[in-house]
Amino acid sequence: MNPTEPLKASLFSKGFTENPYPAYAKLRKEDPVSYVLLPDGQYAWIITKYEDALAALKDRRFIKDYTKLYDEEMEHDDIFSQNMLFADPPDHKRLRGLVSKAFTPQLIAGMRGRIQEITNVLLDEMAGKQHVDLINEFAFPLPIIVICEILGIPTEDRDKFRLWSNSIIEDPNGEFDRDMHQHMNDFVQYLKKLFAIVRENPVESLISQLIIAEEQGDQLTEQELYGVVTLLIIAGHETTVNLIGNAMMALLEHPEQLELLKSQPAFIHTAIEEVLRYNGPVEFSTSRWAAENLEFKGKSISKGDLVIVALNSANHDPDQFNDPEVFDLTREKSKHLAFGKGIHACLGAPLARLEGEIAINSFIQRYPNVKLNADKKDLEWRSGMIVRGVKKLPLSLE
């Protein structure tokens, strides 16, 4: 038996979900490009070392549009796949270009004041409470309000989007499986009505811009419109929810680092980068497939094989980071892979960073005596292979 087989069998267990880093360390040492069985029954190559991960994320032989693997014409099987996350050049460049103007660093920086306003309102709502759930009362509502405002979606609908995005993100064998198809149908119907309203009464919003582009024949189909909006709704808040939650957990586990940040708020920039490296909100890259039979880092990968990069493992590679298991806010800005690299690097990274910085600094300044109101081992981690974060984070404010 291959010496890594028992290790592979332990991947994706409850213990792995709670703390995957020891398993990653073994994989990096013993089998850094490893063929494993995923929870959904598929086999995939999982890449765990930093240099290998970087190479894979930039390797054009690993494609995002799986329909290219088939000789006959094949349609994407759902509306959510028609976006830049599942596209290769030249379609990728076209789709990304249509939304990139809403996510330029300059435009995001201009939202600082509004993000701070939303943050202050959420913090005000906690006033007088001894106990709060950081996820439900802060980490979730902040980014969903922001992305709803960018897209032009009524904020009163934000709880619906939480349910719908969970249905897409969470483990398909998890609690959302029963109702997933109903949720997806509800989501599609909602978007249809919203698009119809916006076509009749255009407003200053990203959805309006995308619809105008579609109607002017700017190479955006109706299916692509659904796909792009879906991606923005999900990616526009899921990453930040878990970034805020993971940041607070790391700070509470390292009180000296929390004290440093409270006394010197300017460290927030490196703090967010260190959280992204230390326990990033995105566990694995989205799927890639080998477009041909190929050799990669000594392994023979067959055409059609699924390839996934373990981003959080790469960010703990000691060949790239000194003392990677140490959480250190004073660490020099690192070239972590939390937002990916290459043409598919996360478009919303500047927004996630800004929201994370404002949220964490504002929270610990307002509630400096915050403590974890639970045993860490009792926290429930989200299922699925994309996001990394807890479902609830109970805190004591006093």
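Reader: What makes α9 mostly covered?

Author: Count its residues: in this predicted model, 10 of the 11 residues in α9 are buried. Buried here stands for a relative accessible area under 20%. The buried ones are Pro141, Leu142, Pro143, Ile144, Ile145, Val146, Ile147, Cys148, Ile150 and Leu151.

Reader: And what comes just after α9?

Author: Glycine 152, with a positive phi of about 90°.

Reader: Which residues make the contact between α7 and α9, and how do the two helices pack?

Author: Helix α7 covers residues 112-126 and helix α9 covers residues 141-151; their axes lie 10 Å apart, at an angle of about 140°. On the α7 side, the contact is made by Arg114, Ile115, Ile118, Thr119 and Leu122. From α9 come Pro141, Leu142, Ile145, Val146 and Glu149.

Reader: Why is α7 called oblique to α9?

Author: Check the angle against the cut-offs. Roughly antiparallel needs over 145 degrees, and roughly perpendicular runs from 65 to 115. The angle of about 140° fits neither range, nor the one under 35 degrees for roughly parallel, so α7 counts as oblique to α9. As for the hand of the crossing, α7 passes α9 in a right-handed way.

Reader: What kinds of residues are in that contact, by class?

Author: Seven are nonpolar, one is polar and two are charged.

Reader: How do you know that leucine 134 is buried?

Author: Its relative accessible area is 0%. The cut-off for buried is under 20%, so leucine 134 is buried. You'll find leucine 134 in helix α8, residues 134-139.

Reader: What does leucine 134 touch, leaving out residues up to four places away in sequence?

Author: Leucine 134 touches Ala139, Ile244, Gly245, Met248, Phe363, Leu393 and Leu395. Take glycine 245 as an example: leucine 134 and glycine 245 are 111 residues apart in sequence, yet their C-alpha atoms are 7.1 Å apart in space.

Reader: Which residues touch the most other members of the largest nonpolar core?

Author: Leu210 and Phe363, out of 86 residues in that core. Helix α13, residues 222-253, gives the largest share of this core, with 15 residues.

Reader: What is leucine 210 in contact with, neighbours within four places aside?

Author: The list for leucine 210 is Leu98, Val99, Leu220, Leu225, Val228, Val229 and Leu232.

Reader: Why is lysine 297 called partly exposed, while aspartate 323 is called exposed?

Author: Exposed takes over 50%, and partly exposed sits between that and the 20% mark for buried. Lysine 297 has a relative accessible area of 49%, so it is partly exposed. Aspartate 323 has 56%, so it is exposed.

Reader: Where do lysine 297 and aspartate 323 sit?

Author: Lysine 297 is in the loop between β6 (294-296) and β7 (299-301). Aspartate 323 is in the loop between α16 (311-314) and α17 (349-366).

Reader: What is the phi of lysine 297 and of aspartate 323?

Author: Lysine 297 has a phi near 50°, a positive value in a residue other than glycine. Aspartate 323 isn't a glycine either, and its phi is positive too, at about 45°.

Reader: How many helices and strands does the whole chain have, and how much of the chain is buried?

Author: The chain has 17 helices and 10 strands. Of its 398 residues, 55% count as buried. As for contacts with a separation of 6 or more, 71% of them are between residues 24 or more positions apart.

Methods. Residues are numbered from 1 along each chain as its sequence is written. This is a predicted model: local features need pLDDT of at least 70, side-chain atom pairs count only at pLDDT 80 or more; totals for chains, interfaces and linings use all residues. Side-chain values use heavy atoms; hydrogens and water are left out. Axes are lines fitted to C-alpha atoms, for helices over the stretch in contact, and angles run from 0 to 180 degrees between N-to-C directions. Helices (H or I, at least four residues) and strands (E, at least two) are DSSP runs, numbered from the N terminus. A crossing is left-handed if the near helix is turned anticlockwise from the far one by less than a right angle, and right-handed if clockwise. Contact means heavy atoms within 4.5 Å. Ala, Val, Leu, Ile, Met, Phe, Trp, Tyr, Cys and Pro count as nonpolar, Asp, Glu, Lys and Arg as charged, and the others, Gly among them, as polar. A nonpolar core is a set of buried Ala, Val, Leu, Ile, Met, Phe, Trp, Tyr and Cys residues joined through side-chain atoms within 4.5 Å. Buried means under 20% relative accessible area, exposed over 50%, partly exposed in between (1.4 Å probe, protein chains only).
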